[in-house]
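Here are my notes, written as numbered points so that you can follow each one with the structure open beside you. Please take the points in order and find each element before reading on.

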Amino acid sequence: MASIGKPNRVVIALGGNALGNTPEEQIARVRAAAPTLLKVIEQGNEIIITHGNGPQVGMIQKSFALAHEDDPSVPAMDLPECGAMSQGYIGYHLQQAIGAAMHKAYKRWHVATVVTQIEVDPDDPAFQNPTKPIGQFLTKEQADEEKAAHPEMTFVEDSGRGYRRVVASPQPKKIVEYESILNLLDNEFIVIACGGGGIPVVRDYNDKGAYKGIAAVIDKDMGGELLAEDCHADMLVLLTAVDHVAINFGKPNQEELTDIDTQQAKEYLAQGQFGKGSMEPKVRAAVKFAESRPGRVCIIGSLDKAAEAMAGLSGTRIHA
Ligand SMILES: Nc1ncnc2c1ncn2[C@@H]1O[C@H](COP(=O)(O)OP(=O)(O)O)[C@@H](O)[C@H]1O
Ligand SMILES: NC(=O)OP(=O)(O)O
């Protein structure tokens, strides 16, 4: 386990759903989380923050469509642009909250957001099979209405919480701004990076290999895992809206997991114990990280109990 007292590198991922649905809710939640994040630093760790954007990226795209609904000549705002906006929107609130807490404690303001692109494979099969829920939760009737208005969109039921639109979610391959992130870390900044899983981009070989956006939303748990590996992190902490990963989730025989090894996690994955597009990618990211180097640990827990989760008093610990 990453022990207190030596400078461990910890990547902390904040779930998009755990950040609330309005700017006011988001400000309140990141303000509440900021003291915990600083406490992790005081315990001798370096932290790197990433975050989801599922609700926010959908909200940004829909707001733009509504603003221009009377003018069909205005094209839709594409997902990569919406993803970039979500990184700015969430990074801005995180910078304010962490910056204020840091300034109070140390009279320093060393926190910065990196607008981060992540290269994906244009032939990733995920482009043929949308799985990433975005936007608000809908009733069945609302989802049917949206589907009738936008036949190209796909809607699925999301972990008993309602219906949501799903979009393609390719695997992250390479963090384009990797060196900028490491430079900021070397200069003792708290870095917020790979928000929303990173803006998905592909190489355009008709334009000398330049990067261009592609319509998708990368899973931030998988983006966060890549960030953690690239930054040589010791621990990956995935914070969401539930205290623990569970088996038989939502059933009378639900069982909360506190400590499992990757073998057990893989068996539960094979049994389909985890919600697709919600808990499943977290457990997959946890397994990948825990198996990437001896001693690496992932904790999945709630944003509200982040301190307890890091102290081993809450959350699910996944290790090799
Ligand atoms: N087996 C499970 N154990 C715990 N939570 C689960 C499980 N399967 C699905 N979920 C759902 O997954 C949610 C976390 O995924 P999601 O909301 O997508 O996360 P994020 O906070 O990253 O946006 C939980 O709040 C819960 O509703
Ligand atoms: N991009 C992403 O995974 O967002 P959520 O954490 O909100 O699902």
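**Notes on a predicted model**

1. Helix H6 (residues 220-230) packs with helix H8 (residues 279-292) at an angle of about 15 degrees, and the two axes are 8 Å apart. Because angles under 35 degrees count as roughly parallel, H6 is roughly parallel to H8. Please keep in mind while reading this and every later point that the model is predicted.

2. The crossing in which H6 passes H8 is right-handed. On the H6 side the contact is made by Asp221, Met222, Gly224, Glu225, Ala228 and Glu229, while H8 contributes Pro281, Lys282, Ala285, Lys288, Phe289 and Ser292. Sorted by class, the residues of this contact of H6 with H8 comprise 5 nonpolar, 2 polar and 5 charged.

3. A second helix pair to look at is helix H1 (residues 23-42) with helix H3 (residues 79-106), whose axes come within 8 Å and cross at roughly 40 degrees. This angle makes H1 oblique to H3, and the crossing of the two helices is right-handed.

4. Which residues of H1 and H3 make the contact? From H1 they are Gln26, Ile27, Val30, Arg31, Ala34, Pro35, Leu37 and Leu38, and from H3 they are His93, Leu94, Ala97, Ile98, Ala101, Met102 and Ala105. In the contact of H1 with H3, 12 residues are nonpolar, 2 are polar and 1 is charged.

5. Turning to the strands, you should find an open sheet of 4 strands in the order S8-S4-S10-S11, in which the pairing is mixed. The edge strands of this sheet are strand S8 (174-175) and S11, each of which pairs on one side only.

6. The mixed pairing can be followed strand by strand. Strand S4 (residues 117-119) pairs with strand S10 (residues 199-204) in the parallel sense over 3 bridges, and here Glu119 stands opposite Val201 in S10. S10 in turn pairs with strand S11 (residues 210-213) in the antiparallel sense over 4 bridges, with Val202 standing opposite Lys212 in S11.

7. S10 and S11 form a hairpin with 5 residues between the strands, and in this hairpin Lys208 takes a positive phi near 55 degrees. Helix H3, already met in its contact with H1, lies across S10 and S11 and runs at about 135 degrees to S10.

8. There are also ligands to place, and ligand 1 is surrounded by 18 residues, of which the closest are Gly15, Asn17, Phe249, Gly275 and Ser278. How does the shell around ligand 1 divide into nonpolar, polar and charged residues? It has 8 nonpolar and 10 polar residues, and no charged ones.

9. Ligand 2 has around it Gly15, Gly16, Asn17, Gly52, Asn53, Gly54, Gly196, Gly197, Val217, Asp219 and Lys220. The classes in the shell around ligand 2 are 1 nonpolar, 8 polar and 2 charged. When you compare the two shells in the viewer, note that Gly15 and Asn17, listed here around ligand 2, are also among the closest residues to ligand 1.

Terms used. Residues numbered from 1 in each chain as written. Chains lettered and ligands numbered in written order. Predicted model: local features only at pLDDT ≥ 70, side-chain atom pairs only at ≥ 80, totals over all residues. Axes fitted to C-alpha atoms, helices over the stretch in contact; angles between N-to-C directions. Parallel < 35°, antiparallel > 145°, perpendicular 65-115°, else oblique. Left-handed = near helix turned anticlockwise from the far one by under 90°. Contact = placed C-beta atoms within 7 Å. Nonpolar A, V, L, I, M, F, W, Y, C, P; charged D, E, K, R; others polar. Near = placed C-beta within 6 Å. Pairing = 2+ DSSP bridges.
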